[in-house]
Amino acid sequence: MNKPTYVPEYNAIVEVLNKYNDGCKQAKSSIMKPAFSEQATIFGLGADGKLTGGAIQNLFDGIDSAFRPSPEAQAAIVRIDIVGTAASARVDTNDVSGFCFTDFFHLLKVDGKWTVISKIYHTNVAP
């Protein structure tokens, strides 16, 4: 059996995504900012069903102004796919400030470090 070749890369990506998860659960953008490139983008559908998003700073502003920590919040990395210096990942988060998220991340390895370059999200009201 061949030895897995991406175990160190996988673990490094998990570390990056956990910064995002911890920042969500604690409602603190300062915790998640290190996971993202300054040029990262965020897109999803607004309440009106129309595409919304732009610079990642929009995410940080929203978390800092509207999110509140949820002791019941849970997050799980559902999938990570790696091809060379590019990766994609899915994270499901439940009950963060009354919302549930499915987030799709695109990451690049730049200067030896994995960083999120884009986030696409789907949001639901928590049950």
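**Exercise 1. Placing a tyrosine**

Which residue's side chain does a polar contact of 3.3 Å join to the side chain of Tyr20? Find the partner, then describe the surroundings of Tyr20 in this predicted model.

*Solution.*

Step 1. Start with the side chain: the partner of Tyr20 in the 3.3 Å polar contact is Lys119.

Step 2. Next, place Tyr20 in the fold. Tyr20 sits in helix α1, which covers residues 7-26.

Step 3. Check the accessibility. Buried means under 20% relative accessible area. Tyr20 has 1%, so Tyr20 counts as buried.

Step 4. Now list the contacts, leaving out residues up to four places away in sequence. Tyr20 touches Met32, Ala35, Phe36, Leu59, Asp103, Phe105 and Lys119. Keep Phe36, Phe105 and Asp103 from that list in mind, as they return below.

**Exercise 2. Following the rings**

Classify the ring pair of Tyr20 and Phe36, then the pair of Phe36 and Phe105, and say which parts of the chain each one links.

*Solution.*

Step 1. Recall what is needed: a pair of aromatic rings is described by the distance of the centres and the angle of the planes. The whole structure holds 5 aromatic pairs.

Step 2. For Tyr20 and Phe36, the ring centres are 6.2 Å apart and the planes meet at 70°. Plane angles over 60 degrees count as edge-to-face, so the pair of Tyr20 and Phe36 is edge-to-face.

Step 3. Locate the two partners. Tyr20 belongs to helix α1 and Phe36 to strand β1 (residues 36-45), so their pair ties together parts that are 16 residues apart in sequence.

Step 4. Move on to Phe36 and Phe105. Here the centres are 6.4 Å apart and the planes are at 50°, so this pair is tilted. The Phe36 and Phe105 pair links distant parts of the chain, with Phe36 in strand β1 and Phe105 in strand β5 (residues 99-110), 69 residues apart.

Step 5. Add the accessibility. Phe36 is buried at a relative accessible area of 7%, and Phe105 is buried at 1%.

Step 6. Put the rings together: Tyr20, Phe36, Phe60 and Phe105 form one aromatic cluster.

**Exercise 3. Reading the helix**

How many residues does α1 have, and how does its reach compare with the expected span? Then list its buried residues.

*Solution.*

Step 1. The helix α1 has 20 residues. From first C-alpha to last it reaches 28 Å, close to the 28 Å expected at 1.5 Å a residue.

Step 2. The buried residues of α1 are Glu9, Ile13, Val14, Val16, Leu17, Tyr20, Asn21, Gly23 and Cys24.

Step 3. For the spacing in such a list, a general rule helps: an α-helix has 3.6 residues a turn, so residues three or four places apart point the same way.

Step 4. Look just past the end of the helix. Ala27 follows α1 and has a positive phi, near 55°.

**Exercise 4. From Lys119 to Asp103 and Ser118**

Which side chain does a polar contact of 3.3 Å join to that of Asp103? Work out its setting, and then treat Ser118 likewise.

*Solution.*

Step 1. The partner of Asp103 is Lys119. Lys119 also has its 3.3 Å polar contact with Tyr20.

Step 2. Asp103 is part of strand β5. With 0% relative accessibility, Asp103 counts as buried.

Step 3. Setting aside neighbours within four places in sequence, Asp103 is in contact with Tyr20, Ala89, Arg90, Val91, Lys119, Ile120 and Tyr121.

Step 4. Turn to Ser118, in strand β6. Ser118 is buried, at a relative accessible area of 14%.

Step 5. The side chain of Ser118 makes a polar contact of 2.9 Å with the side chain of His106. Contacts of Ser118 beyond four places in sequence are Thr41, Phe104, Phe105 and His106.

**Exercise 5. Describing the largest pocket**

What volume does the largest pocket have, and which element gives the most to its lining?

*Solution.*

Step 1. The volume of the largest pocket is about 380 Å³.

Step 2. There are 17 lining residues, and the closest to the pocket's centre are Ile42, Thr52, Asn58, Tyr121 and Thr123.

Step 3. At least two lining residues come from each of α1, β1, β2 (51-55), α3 (57-66) and β6 (113-125).

Step 4. The element that gives the most to the lining is α3, with 4 residues.

Notes: Residues numbered from 1 in each chain as written. Predicted model: local features only at pLDDT ≥ 70, side-chain atom pairs only at ≥ 80, totals over all residues. Heavy atoms only, no water. Buried < 20%, exposed > 50% of the residue type's maximum accessible area, 1.4 Å probe, protein only. Contact = heavy atoms within 4.5 Å. Polar contact = N/O pair within 3.5 Å; in protein donor to acceptor, adjacent residues only side chain to side chain. Phe/Tyr/Trp six-rings, centres within 6.5 Å; stacked < 30°, edge-to-face > 60°. Expected span 1.5 Å × (residues − 1). 1 Å grid on protein atoms, 1.4 Å probe; cavity = no way out; pocket = protein on both sides within 12 Å on 5 of 7 lines; lining within 4 Å. Points joined across faces, edges and corners; volume = space filled by probe spheres on them.
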